[in-house]
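Here are my notes on the model you sent over. Have it open while you read, and follow the points in order.

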Amino acid sequence: MRTWIAACRGALAFLTRLPVGHREGDWDAFRSRPATLPFVGLVAGSLAAIPLLAVDVLGAPTVALAYLLTVYAVVGIHNLDGVADLGDALVVHGDRERRREVLKDTTTGVGALLAVSLTVAGLALGALGVAELPPATAVGVAIAAEIGARLGLAAMACFGAASHEGMGSQLTEAATPGRFVAPAGIVLGAAALLWPHPAAIAVPGALAGVALPWLWANRNLGGVSGDVFGAAAEIGRVVGLHAGVIAWTLS
């Protein structure tokens, strides 16, 4: 139990800006237990969704902005650095080595600017769509999108291969495929019970969002990295939100 508490504490300390503190060994406990990733999604998604409860008082546009600000207040903006780096690597011409060089380059190119702009705009528009749903449904979709995105990161850690030594390899080398069974069973089982509620559909939507940069990285970089993990978290959240909104619209 102490190890799991340490893993949860390490996950929250690494993946959010919440003042949980950390102790020696928390990082190692976290990276070897990917089940803590959906837990972080539950905590972060629940906190970020609080403004959605005020839609009847503040109106959808204001609530959407409040949600956007709360998301980044809770999880920070470091994942957007991964989006930026992947954006530059996406538009550069060259082989895998050239793209890896661009990932490490601190210069911000037009690909980075476009990628970050589209991601933030996508989140803002998704938030606006969610804010127009009934409050309880909106909160469910926001939480499910965050959990689904984090479950996708758990899958990447358990089944992915790192392109080089670094943050990505620390996550992929410590997690094993068997570690994915429990979190996947819990999250996907809950989504199946709620189907076809928009929140349930947000989960596979978020997983699809994570799969996009993961598959691209495997093909063009030779594996995943810390930047890919960060970008996948952002894209997964955006796609999950939009999937939930589309599900509500079509229902």
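**Notes on the predicted model**

1. Start with a proline. Pro-196 sits in the loop between α11 and α12 (198-220). Keep in mind that this is a predicted model, so every value below is computed from it.

2. What kind of peptide bond joins Trp-195 and Pro-196? A cis one, with omega at about 5°. That deserves a look, because most peptide bonds are trans.

3. While you have Trp-195 on screen, try finding His-78 as well. The two are 117 residues apart in sequence, and their C-alpha atoms are 33 Å apart in space. His-78 belongs to helix α6 (residues 78-91). Its relative accessibility is 43%, so His-78 counts as partly exposed, given that the partly exposed class runs between 20% and 50%.

4. Next, helix α9, which covers residues 135-159. From first C-alpha to last, its 25 residues reach 36 Å, close to the 36 Å expected at 1.5 Å a residue. Is α9 enclosed or open to the outside? Largely enclosed by the rest of the structure, because 21 of its 25 residues are buried.

5. Now the aromatics. The structure holds 4 aromatic pairs. In one of them, the ring centres of Trp-27 and Phe-30 are 5.6 Å apart and the planes meet at 55°, so this pair is tilted; the tilted class takes angles that are neither under 30 nor over 60 degrees. Both residues come from helix α2 (residues 26-31), where they are 3 residues apart, or about one turn of the helix.

6. Are Trp-27 and Phe-30 buried or exposed? Trp-27 has 24% relative accessibility and so counts as partly exposed. Phe-30, at 3%, counts as buried, the limit for that being under 20%. With Phe-14, these two residues make up one aromatic cluster.

7. Another aromatic pair is Phe-159 with Phe-180, and this one is edge-to-face: 5.5 Å centre to centre, with 80° between the planes. Phe-159 lies in helix α9, while Phe-180 is in the loop between α10 (167-174) and α11 (181-194), so the pair ties together parts that are 21 residues apart in sequence. As for accessibility, Phe-159 is partly exposed at 47%, whereas Phe-180, at 16%, counts as buried.

8. There is also a charge over a ring to check. Arg-33 lies over the face of Trp-4, at 5.7 Å from the ring centre.

9. On to helix packing. Helix α1 (residues 2-15) packs with helix α3 (residues 36-48) at an angle of about 55°, and their axes are 9 Å apart. That makes α1 and α3 oblique to each other, since the angle falls between the 35-degree limit for roughly parallel and the 65 degrees where roughly perpendicular begins. Their crossing is right-handed.

10. Which way does α5 pass α8? In a right-handed crossing. Helix α5 (residues 60-75) and helix α8 (residues 110-131) have axes that come within 8 Å and cross at roughly 130°. These two helices are therefore oblique to each other: the angle lies between 115 degrees, where roughly perpendicular ends, and 145, over which a pair counts as roughly antiparallel.

How values were computed:
Residues are numbered from 1 along each chain as its sequence is written. This is a predicted model: local features need pLDDT of at least 70, side-chain atom pairs count only at pLDDT 80 or more; totals for chains, interfaces and linings use all residues. Side-chain values use heavy atoms; hydrogens and water are left out. Helices (H or I, at least four residues) and strands (E, at least two) are DSSP runs, numbered from the N terminus. The expected span of a helix is 1.5 Å times one less than its number of residues. Buried means under 20% relative accessible area, exposed over 50%, partly exposed in between (1.4 Å probe, protein chains only). Rings of Phe, Tyr and Trp (its six-membered ring) pair if their centres lie within 6.5 Å; planes under 30 degrees apart count as stacked, over 60 as edge-to-face and the rest as tilted. A charge sits over a ring if NZ of Lys or CZ of Arg is within 6 Å of the ring centre and within 35 degrees of the ring normal. Axes are lines fitted to C-alpha atoms, for helices over the stretch in contact, and angles run from 0 to 180 degrees between N-to-C directions. A crossing is left-handed if the near helix is turned anticlockwise from the far one by less than a right angle, and right-handed if clockwise.
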